[in-house]
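Reader: I am new to this structure and would be grateful for a close look at one of its chains. Please set out the answer as one connected account.

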Amino acid sequence: MNSKITSQEQLANPELAAVGVEDDSQDLSRSEVILKGALAAGAVYGALSVGPYVRKALAATGGGDVAILNFALTLEYLEAKFYEEAKTRAKAKGELKSLVSLLASDEQQHVEALTATIKKLGGKPVAEPKFDFAYSGTSGFLKLAQTFEDTGVSAYNGAAPMIKSKEVLAAAGGIVQVEARHAAAIRLQNKEEPAPEAFDPPLQEKQVLKAVEPFLA
Amino acid sequence: MAGPKDLANPVSRRRFLALGGGSTAAVAFLAACGSDSDSTTTSAMNSGAGKSETAEFGKGDVGILNYALTLEYLETAFYADVVKSGLFKGGDLETIRKFGREEAEHVQALTQAVKSLGGKPAPEPKAEFPLESAKSVLELAGTVENLGAAAYLGQAANIESPEVLASALAIHSVEGRHAAALNTLLGESITPDGAFGKPADVKTVLKSVEPFIVG
């Protein structure tokens, strides 16, 4: 069912390769670099490669809860913007229209919660980069949404074991569960399995780590 | 032992747990908690405390894994019974089979994890489930999956080993996917707790599954 994506294309998720992440201030933050790498890893090897990539990239940059939260914030900026824009651009109707509104609201709440948590820890929340989403129509929207949500789940699950504060970990857990719920709902809209694997990500990390090596800045 | 009347219990409990999108005081409380970054402090409540919530299942991570294993055994048995019940056909039956297979994989992974930590895996509980109608079974499945996701979330911050945590998280989000898929089938909100998943403590979870455990 889902196995066709890797054999059919050279890129597992070509739609991810077309996502633009730009920073006007020319002060490309570490979070943006990691996000770009995560999108690239996901584009080439699929969403399940994102978690191990993110874990390794964060470890390489010294990590720390604020750095992890800033990466999560950058990812949530992307999702919040994507759904906000999709309210008009995706041309969604009926049930899907309500779903887009719900997802936009959830992602915006994640942005706010992460911003507040970073400040509480004495950190500086990263600025929102500019995003450019290349898709057209409802089906293009749904395809990109599915990839973003699966990528988000994998990214959070990859980063979470590195979080030091138990409170921050519990908060991240509350967010990733909601990302997983979004992923399942969008997958159902795409007539795909809501939970394609028994584990998010499956436990084949060595293989995946080798695959994402080129994207580690 | 488990008759049709027992179904009333998990359903009303589900409302109490705010897993069904109701409008009880619990929902309002949880919603209020979810609106800021302090939302999940409750789940970290017993971190650093002397006695762990899962002590009856073993010490430390072994206890948490055995608690999770017990829940996964119940989910696996539930889906197996549902498949046998003949209440579902076609696409719905396929979804149920798939979810059941995934729960069985969780059982295997957790059993291995307990052993690798030198622990003794928890025994499989003997369970019976009320299987009245397709609708009531789907509702029960939704309850079980939402509760399962909340149970994992409730323990995440208590896990000591990063490897065990990574495995638990990999299962937690799949439970969340199952829950959202079932909620979609039931016409309920995919995120009944709002933008932030809510944890459930061990006592609440065990009380909810108690009616299904026999002998």
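What pattern does chain A follow when read along the sequence?

Author: The model described here is predicted. Read along the sequence, chain A follows the pattern α-α-β-α-α-α-α-β-α-α-α. This corresponds to nine helices and two strands. Chain A has 217 residues, of which 53% are buried. When the contacts in chain A with a separation of 6 or more are considered, 77% of them join residues 24 or more positions apart.

A close look at chain A may start with two of its helix pairs. The pair earlier in the numbering consists of helix H3 (residues 30-45) and helix H4 (residues 50-60) of chain A. The axes of H3(A) and H4(A) come within 9 Å and cross at roughly 150°. An angle over 145 degrees counts as roughly antiparallel, and H3(A) is therefore roughly antiparallel to H4(A). The crossing in which H3(A) passes H4(A) is right-handed. On the side of H3(A), the residues that meet the partner helix are A:Ile34, A:Gly37, A:Ala38, A:Ala41 and A:Gly42. On the side of H4(A), they are A:Val50, A:Tyr53, A:Val54, A:Ala57 and A:Leu58. By class, the residues of this contact of H3(A) with H4(A) are eight nonpolar and two polar, with no charged residue.

The other pair is formed by helix H7 (residues 137-159) and helix H8 (residues 166-189) of chain A, which pack at an angle of about 155° with their axes 9 Å apart. H7(A) and H8(A) are therefore roughly antiparallel to each other. Here the crossing, in which H7(A) passes H8(A), is left-handed. From H7(A), the residues in this contact include A:Leu142, A:Ala145, A:Glu149, A:Val153 and A:Tyr156. From H8(A), they include A:Ala172, A:Ile175, A:Val176, A:Glu179 and A:Arg187. The residues of the contact of H7(A) with H8(A) divide into ten nonpolar, five polar and four charged.

Two residues of this second contact, A:Tyr156 and A:Ala172, lead on to the core. Leaving aside neighbours within four places in sequence, A:Ala72 is in contact with both of them, and also with A:Leu114 and A:Ala159. The largest nonpolar core has 124 residues, and those that touch the most other members are A:Ala72, A:Ala172 and B:Ala156. This core thus includes residues of chain A and of chain B.

Two loops of chain A also deserve attention. A:Lys91 lies in the loop between helix H5 (65-89) and helix H6 (94-120) of chain A. Although A:Lys91 is not a glycine, it has a positive phi of about 55°. A residue is partly exposed if the number of other C-beta atoms within 10 Å lies between the limits for exposed, 12 or fewer, and buried, 20 or more. A:Lys91 has 14 such atoms and is therefore partly exposed. A:Lys191 is found further along, in the loop between H8 and helix H9 (205-212) of chain A. A:Lys191 is likewise not a glycine and has a positive phi, in this case of about 60°. A:Lys191 counts as exposed, because it has 9 C-beta neighbours inside 10 Å.

Chain A is also in contact with chain B. The contact takes 36 residues from chain A and 39 residues from chain B. On the side of chain B that touches chain A, the elements giving two or more residues are helix H4 (90-116), helix H5 (134-156) and helix H6 (162-185) of chain B. H6(B) provides the largest share of that side, 16 residues. The residues of this side of chain B divide into 19 nonpolar, 14 polar and six charged.

Chain B itself has seven helices and zero strands. From the N terminus on, its elements run α-α-α-α-α-α-α. Of its 215 residues, 52% count as buried. Among the contacts in chain B with a separation of 6 or more, 76% are accounted for by residues 24 or more positions apart. One example of residues far apart in sequence is the pair B:Val214 and B:Glu128, which are 86 residues apart in sequence and 6.7 Å apart in space, C-alpha to C-alpha. B:Val214 is found in the segment after helix H7 (202-209) of chain B. B:Val214 is exposed, with 10 other C-beta atoms within 10 Å.

Definitions and conventions: Residues numbered from 1 in each chain as written. Chains lettered and ligands numbered in written order. Predicted model: local features only at pLDDT ≥ 70, side-chain atom pairs only at ≥ 80, totals over all residues. Core = buried A, V, L, I, M, F, W, Y, C linked by C-beta atoms within 7 Å. Contact = placed C-beta atoms within 7 Å. Helix = DSSP H or I, 4+ residues; strand = E, 2+ residues; numbered from the N terminus. Nonpolar A, V, L, I, M, F, W, Y, C, P; charged D, E, K, R; others polar. Axes fitted to C-alpha atoms, helices over the stretch in contact; angles between N-to-C directions. Parallel < 35°, antiparallel > 145°, perpendicular 65-115°, else oblique. Left-handed = near helix turned anticlockwise from the far one by under 90°.
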